[in-house]
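Here is a short briefing on one protein chain. Please keep the sequence and the structure open while reading.

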Amino acid sequence: MADNSASSVSQVNRVVLPGDVIGSVADFEGSLEGKNKIKLGPGLREENGLIVVYKAGIFRHRSPSTYLIDCNQRRYVPVKEERVIGIITNRGSDSYKVDIGGALPASLPSLAFEGATKKNKPNLQIGDIVYARLCVANKDMEPELDCTDGSGKSTGLGQLLGGFMINCSLGLSRKLLSKEFVLLKCLGKYFPFECTVGMNGRVWIDSASIPHTIAIANAVTNSEYMNNNQIETMVKQLARGIQS
């Protein structure tokens, strides 16, 4: 079994296809140096103790114990605990329907906000944008959102007021959330702005002026296939063009 563990873990950063078996959960947990629980991200699921691939892409490891398939798709598949940006599409008496880019709309209970009560709860309208956490994500059930971190605190979740939202690939949204990807840091040197990135391929941007917002949105879209040196050059040219 030890040989199987070494073989399974060595598949990190390799191309995999739907139906591939990466290895057993026990193998991976045994390789985590004291971490006794792994987390399966997009593209992976557990079946009878085995880690099975359900989308094509590159098998990645995110420290300390998360494994996922990195691919450049646009259709989002909900994953529990991921944070997403959604659009309110319908209102009910006690919940909202939210478009998160998946096959089905998600449900957002009206009490799923910090401090919300039956008499004091947000009054969201159709078209409003929310940043939320997926608390239920099952292939056999409707996704359910929560605008708290699970302990009752919002920690940045909730309605996003003003600003501008753009769509991008899921691969780019993961890049934007990576510490190694320098785009947002570079933009912050030249433009004061706020940015929220959803794992469902949506990015919300709010800055001091419309020209700045458009410039930042274009930089995000153009950065997908650039390396860090190219990104730094692009942002400098963009800043000079705005200031001139």
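The domain assignment splits the protein chain into three parts: domain 1 (14–70), domain 2 (82–160) and domain 3 (164–243). The C-alpha centres of domain 1 and domain 2 lie 28 Å apart. The model is predicted. The points below take a sheet, then a strand with its partners, then a single residue.

**The open sheet**

- An open sheet of 4 strands runs in the order β1-β6-β7-β3.
- Its pairing is mixed.
- The edges are β1 (15–16) and β3 (39–40), and each of these strands pairs on one side only.
- β1 meets strand β6 (residues 57–62) in the antiparallel sense, over 2 bridges.
- Within that pairing, valine 15 has isoleucine 58 in β6 as its bridge partner.

**Strand β11: burial**

- Strand β11 covers residues 129–136.
- This strand is mostly covered, with 7 of its 8 residues buried.
- In a regular strand, side chains alternate between the two faces of the sheet.

**Strand β11: partners**

- Which strand pairs with β11 over 5 bridges? Strand β8 (residues 83–91) does, in the antiparallel sense.
- Arginine 83 stands opposite arginine 133 of β11.
- Strand β13 (residues 158–160) also pairs with β11, antiparallel, over 3 bridges.
- Here isoleucine 129 has leucine 160 in β13 as its bridge partner.
- Strand β12 (residues 144–146) is joined to β11 by 3 bridges, and the two run antiparallel.
- Leucine 134 is matched with leucine 145, its bridge partner in β12.

**Threonine 213**

- Threonine 213 sits in helix α5 (residues 210–222).
- Is threonine 213 buried or exposed? Its relative accessible area is 11%, and buried means under 20%, so threonine 213 counts as buried.
- Which residues does threonine 213 contact, leaving aside neighbours within four places in sequence? They are Phe164, Ile205 and Ser207.

**To locate in the view**

- For the open sheet, start at edge strand β1 (15–16) and end at edge strand β3 (39–40).
- For β11, find residues 129–136, then trace the pairing with β8, with β13 and with β12.
- For threonine 213, go to helix α5 and look for the contacts with Phe164, Ile205 and Ser207.

Key
Residues numbered from 1 in each chain as written. Predicted model: local features only at pLDDT ≥ 70, side-chain atom pairs only at ≥ 80, totals over all residues. Heavy atoms only, no water. Buried < 20%, exposed > 50% of the residue type's maximum accessible area, 1.4 Å probe, protein only. Pairing = 2+ DSSP bridges. Domains from an automatic or database assignment. Contact = heavy atoms within 4.5 Å.
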